[in-house]
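Here's a walk through one protein model, going from strand pairing to helix packing, then charges and rings. Keep the viewer open as you read.

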Amino acid sequence: MALTGTFLPPARQLQKESHLVQEQIRKKQQKQDFEQTIKAQLQHKHAQRRQKIIVVANRLPTKPSRDSEGNWTFERCSGGLVSCLVGIQAKFDMVWLGWPGAEFSDAEREHVYLEAQKQNCYPVFLGQDLINDYYNGFANNVLWPLFHYIMPPFDKGVNECSTAQWEAYKKANELFVEAILQVYEDDDYVWVHDYHLMLVPKMLRDQKPDSNIGWFLHTPFPSAEIYRTLPWRQELIESLLHANLLGFHVYDYLRHFLSAAVQLTSLEISAHSVDATSIGGCIVTCATVPIGITPRDFTEALELPYVKQQIERLQDQYGGRRVILGIDRLDYMKGIPHKLMAFGCFLDAHPEKASECVLVQLAVPSRRDVPEYQRLQRQVHELVGQICGKHSSLETGVPVIYLDASMSFLDLVALYSVADVALITSLRDGMNLVSYEFIACHQNRDPPGVLILSEFAGAAQSLGAGSIRVNPWNLQDTSNAILEALEMSAEDRTALHNYAFTYINEHTSQKWAETFLQCLQESCSDLMEVTAEVPPLLPYEDLLTEWADSAKRLIIVDLLECLVPAKKRPGTPAKTVSLP
């Protein structure tokens with residue numbers, strides 16, 4: 001049976017279809033070549049160019065002071081963010097933006113600006129009234145307590161005072177953005193720090209849509225149920241979603257942020273990112289980047305003659321008693337009253353230990369003009385008096401040595417070294433680097449001391465296996481942990497210490513900074529690659545040809561969420577469309 005023309009397509013149609021296939025292959029190849037070219041350009045751009053990092057924090061890393069002639073000078077501070085970022089200055093130029101720490105008259109500002117610039121610092125001038133409302137008010141009286149799970153009193157909800165503080169917070173963030181724009185150049189990286197500047201990402205993105213923005217939170221981020229009580233929750237979280245990268249100490253804080261984001265915005269989220277393009281933001285990467293210390297600073301300090309002499313003096317002073325050490329800022333989230341009450345319970349259960357050990361508590365003064373802190377100090381003093389009055393003796397002295405004072409770095413290293421136990425009972429703590437410093441100072445001690453660490457400190461997620469973890473609200477639990485630490489064998493103490501020191505020696509402050517900046521570079525590059533993928537134009541000629549050859553036709557056009565609803569705000573009903 002011969003095959004006639006009714007079974008074979010005409011040659012003209014075959015040629016047409018072959019041409020279309022070849023055209024599709026060519027377009028696909030062009031797209032792949034284009035994507036590869038863009039990717040290569042981005043990789044070269046971000047790997048080769050020496051870019052600038054603009055570090056934006058509430059305070060500059062300088063101390064203003066007047067010289068003998070009455071002119072302002074700035075002394076560079078050591079420690080903190082300064083030491084963390086030393087290692088990355090070989091790869092990046094770096095400038096700092098922040099409040100200089102004092103109020104200056106208009107006549108002084110030009111001189112102050114030039115003096116600060118000598119330290120690569122650019123001051124953001126804030127008046128005292130603005131500092132009171134923005135920093136002391138909204139940042140430290142609203143955000144800080146809430147982020148540490150302290151709910152505002154019922155009579156301190158949204159009122160005239162809190163509204164004024166919110167307006168001051170917005171104004172201060174605007175001033176910071178203005179200062180950023182004065183030094184910003186294309187492809188710079190802007191690294192914003194902490195809860196004081198949560199509105200900066202959106203304000204900066206509005207001015208510079210292609211800017212590279214990272215934000216790191218140095219405190220906990222509360223659970224969504226706590227965060228949602230904040231009246232300004234929407235503005236703050238939507239602003240953060242305009243950053244390329246959001247960094248947190250531990251995964252719990254990241255998880256809480258993602259939960260709050262999805263509940264308040266209904267955006268699409270994954271385990272480590274949020275697609276905020278529908279609200280004008282970008283595809284936000286969320287990363288866990290735990291901060292650390294530089295252990296070498298402490299191990300080298302232990303070899304200094306002054307530190308060795310101070311260690312001998314302290315050992316003579318304590319007369320062979322076991323030293324339990326507490327070093328905290330005098331703050332109601334550090335759990336100092338809980339620590340003292342637990343130690344009192346320990347001595348009640350084991351009164352013979354009062355002559356064998358001593359609790360040395362250093363409480364660094366903080367915010368002395370705030371009534372809540374004044375009440376806390378009185379409470380702590382009363383507890384110290386009660387314990388000493390009950391358990392002191394003429395032969396051995398008091399069981400608690402308490403100091404309302406700060407201490408120099410070298411004296412602190414010596415005190416760490418002589419301590420047999422470090423007792424940390426934070427009720428809520430972003431990380432708590434005292435635990436890291438104690439471990440670093442015991443590297444060459446035989447046997448090393450024991451770390452008792454609150455499970456509510458961020459450090460518990462990294463040093464948990466190298467410490468005794470406690471619930472500071474359970475006084476008996478902490479009391480038992482003190483006894484366990486004092487009676488622990490040398491072998492077990494060494495095993496705990498080795499685990500903890502290995503961790504802090506690998507996760508240093510420099511690695512924290514390098515990791516964050518690497519994540520920021522990658523998130524910015526990924527976003528630019530996504531942006532570079534331009535959707536192809538509709539092939540009108542092919543569409544018309546196929547339209548003409550088809551017998552049944554259906555066109556579905558989606559315009560402005562007619563068919564696919566976009567629910568952007570909670571409580572907004574999704575659009576529904578009835579199709580015939």
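## The sheet around S12

S12 and S15 run parallel to each other and pair over two bridges. One contact to look up is Ile-324, whose bridge partner in S15 is Val-421. Bear in mind that this is a predicted model.

Zoom out, and the pairing belongs to an open, parallel sheet of six strands, ordered S14-S13-S12-S15-S16-S17. At the edges sit S14 (400-403) and S17 (468-470), each of which pairs on one side only. On average, neighbouring strands in this sheet are turned by 20 degrees against each other, ignoring direction. As general background, strands of a sheet pair through backbone hydrogen bonds, either parallel or antiparallel.

## Helices against the sheet

H12 lies across S12, S13, S14 and S15, and runs at about 170 degrees to S13. There is also a charged link between H12 and the sheet: Asp-328 makes a salt bridge with Lys-339, with the closest N and O atoms 2.7 Å apart. Asp-328 belongs to strand S12 and Lys-339 to helix H12 (residues 336-349), eleven residues apart. Which side of the 20% cut-off do these two fall on? Asp-328 has a relative accessible area of 3%, so it is buried. Lys-339 is buried as well, because its relative accessible area is 0%.

Then there's H14. Eight of its ten residues are buried, so this helix is largely enclosed by the rest of the structure. The buried ones are Asp-411, Leu-412, Val-413, Ala-414, Leu-415, Tyr-416, Ser-417 and Val-418. What covers them? The cover includes helix H10 (295-301), helix H11 (305-318), S12, strand S13 (357-364) and helix H15 (434-440).

## Salt bridges

The count of salt bridges comes to 18. In general terms, side chains of opposite charge can pair when their charged atoms come close.

Take Asp-188 and Lys-52, which form a salt bridge with their closest N and O atoms 2.6 Å apart. Asp-188 is in the loop between helix H5 (160-183) and strand S6 (189-193), while Lys-52 is in strand S1 (residues 52-59), so the pair ties together parts 136 residues apart in sequence. Asp-188 counts as buried because its relative accessibility is 0%, and Lys-52 is buried too, at 12%. Glu-185 joins in as well: Lys-52, Glu-185 and Asp-188 are linked in a network of salt bridges.

Back at S12, Arg-322 forms a salt bridge with Asp-420, where the closest N and O atoms are 3.6 Å apart. Arg-322 lies in strand S12 (residues 322-329) and Asp-420 in the loop between helix H14 (409-418) and strand S15 (421-424), so this pair ties together parts that are 98 residues apart in sequence. Arg-322 is partly exposed, with a relative accessible area of 25%, whereas Asp-420 counts as buried at 10%.

## Aromatic contacts

On to the rings: the aromatic pairs number 25. In one of them, Phe-138 and Trp-232, the ring centres are 5.2 Å apart and the planes meet at 75 degrees, so the pair is edge-to-face. Phe-138 comes from helix H4 (residues 128-147) and Trp-232 from the loop between helix H7 (224-227) and helix H8 (233-240), with their positions 94 residues apart. Buried or exposed? Phe-138 counts as buried at 0% relative accessibility, and Trp-232 counts as buried at 10%. Both rings belong to one aromatic cluster that also holds Tyr-134, Tyr-135, Trp-166 and Tyr-169.

Another pair is Phe-147 with Phe-221, which is tilted: 5.4 Å centre to centre, with 55 degrees between the planes. Phe-147 lies in helix H4 and Phe-221 in the loop between strand S7 (212-216) and H7, so the pair ties together parts 74 residues apart in sequence. Phe-147 is buried, with a relative accessible area of 1%, and Phe-221 counts as buried at 1% relative accessibility.

Last, a charge meets a ring: Arg-428 lies over the face of Tyr-149, 3.8 Å from the ring centre.

How values were computed: Residues are numbered from 1 along each chain as its sequence is written. This is a predicted model: local features need pLDDT of at least 70, side-chain atom pairs count only at pLDDT 80 or more; totals for chains, interfaces and linings use all residues. Side-chain values use heavy atoms; hydrogens and water are left out. Rings of Phe, Tyr and Trp (its six-membered ring) pair if their centres lie within 6.5 Å; planes under 30 degrees apart count as stacked, over 60 as edge-to-face and the rest as tilted. Helices (H or I, at least four residues) and strands (E, at least two) are DSSP runs, numbered from the N terminus. Buried means under 20% relative accessible area, exposed over 50%, partly exposed in between (1.4 Å probe, protein chains only). A charge sits over a ring if NZ of Lys or CZ of Arg is within 6 Å of the ring centre and within 35 degrees of the ring normal. A salt bridge is a side-chain nitrogen of Lys or Arg within 4 Å of a carboxyl oxygen of Asp or Glu. Contact means heavy atoms within 4.5 Å. Two strands pair if DSSP finds at least two bridges between them. Axes are lines fitted to C-alpha atoms, for helices over the stretch in contact, and angles run from 0 to 180 degrees between N-to-C directions.
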